[in-house]
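Biologist: I'm more at home at the bench than with models. Could you walk me through how to read this one?

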Amino acid sequence: MDGKTVFLDRDGVINVKAPEGDYIKSWSEFHFLPGAIEAIRLLNDHNWHVVIITNQRGIARHLMTMHDLNRIHFSLKEELQNHGAHVDGIYVCPHEKGTCHCRKPDIGLFLQAEQDFPVDKSKSWMIGDSQSDIEAGRNYGIRTISVVNLNPLADKQFPNLLSAVNFLVNS
Ligand SMILES: [Mg+2]
Ligand SMILES: [Zn+2]
């Protein structure tokens, strides 16, 4: 590994996001988006580190517990594994807005990842569907790709994760 890392947002990038104001609270509510597993496997095959960084304010709002979230992520990893794919880490901000330094667009989740493995910022990318993802990647100092909700602030824009990943592995 040479530190080239793809940081992925979760909801709206890997799985169907919950309706506004709601959260994915159990595995039964988690549905992969088309091509998402294939995209992660493609990154694995091309020796990218793959890291999920996700804001989960539903925990601060007591709509779910950290235990619920850990169970979802256990099943997520298991399902990826069943398809020959994996993520190297999942980093979560469970806090309310304005109460921490990890909630995107802050960069605390990237800094947590850096504790666990080297990140070469010059080779790394943030992929997300929200403004806060793109701002977070820019704040951290890596290039950004917006998916689904095309964002002119991002360095690149693609309709979905698989098309973004196809660009990365072919460039
Ligand atoms: Mg999202
Ligand atoms: Zn936080």
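Modeller: Sure, strands first: two strands pair if DSSP finds at least two bridges between them. Strands (E, at least two residues) and helices (H or I, at least four) are DSSP runs, numbered from the N terminus. Here β1 and β2 pair in the parallel sense over four bridges, and Phe-7 has Val-51 of β2 as its bridge partner. This is a predicted model: local features need pLDDT of at least 70, side-chain atom pairs count only at pLDDT 80 or more, and totals for chains, interfaces and linings use all residues. Residues are numbered from 1 along each chain as its sequence is written, chains are lettered from A and ligands numbered from 1 in the order in which they are written, and side-chain values use heavy atoms, with hydrogens and water left out.

Biologist: How many residues of strand β2 are buried?

Modeller: Buried means under 20% relative accessible area, exposed over 50%, partly exposed in between (1.4 Å probe, protein chains only). In β2 (residues 49–55), seven of the seven are buried, so this strand is largely enclosed by the rest of the structure. One side carries His-49, Val-51, Ile-53 and Asn-55, the other Val-50, Ile-52 and Thr-54.

Biologist: And which residues are the protein donors of the magnesium ion (ligand 1)?

Modeller: Donors are N, O and S atoms within 2.8 Å of the metal (3.2 Å for Na, K and Ca); water is not among the atoms, so sites may look incomplete. Here they are Asp-9 (OD), Asp-11 (O) and Asp-129 (OD), 2.0 to 2.2 Å from the ion. Asp-11 sits in the loop between β1 (5–8) and α1 (36–45), and Asp-129 in the loop between β4 (125–128) and α4 (131–140), 118 residues apart. Both Asp-11 and Asp-129 are buried.
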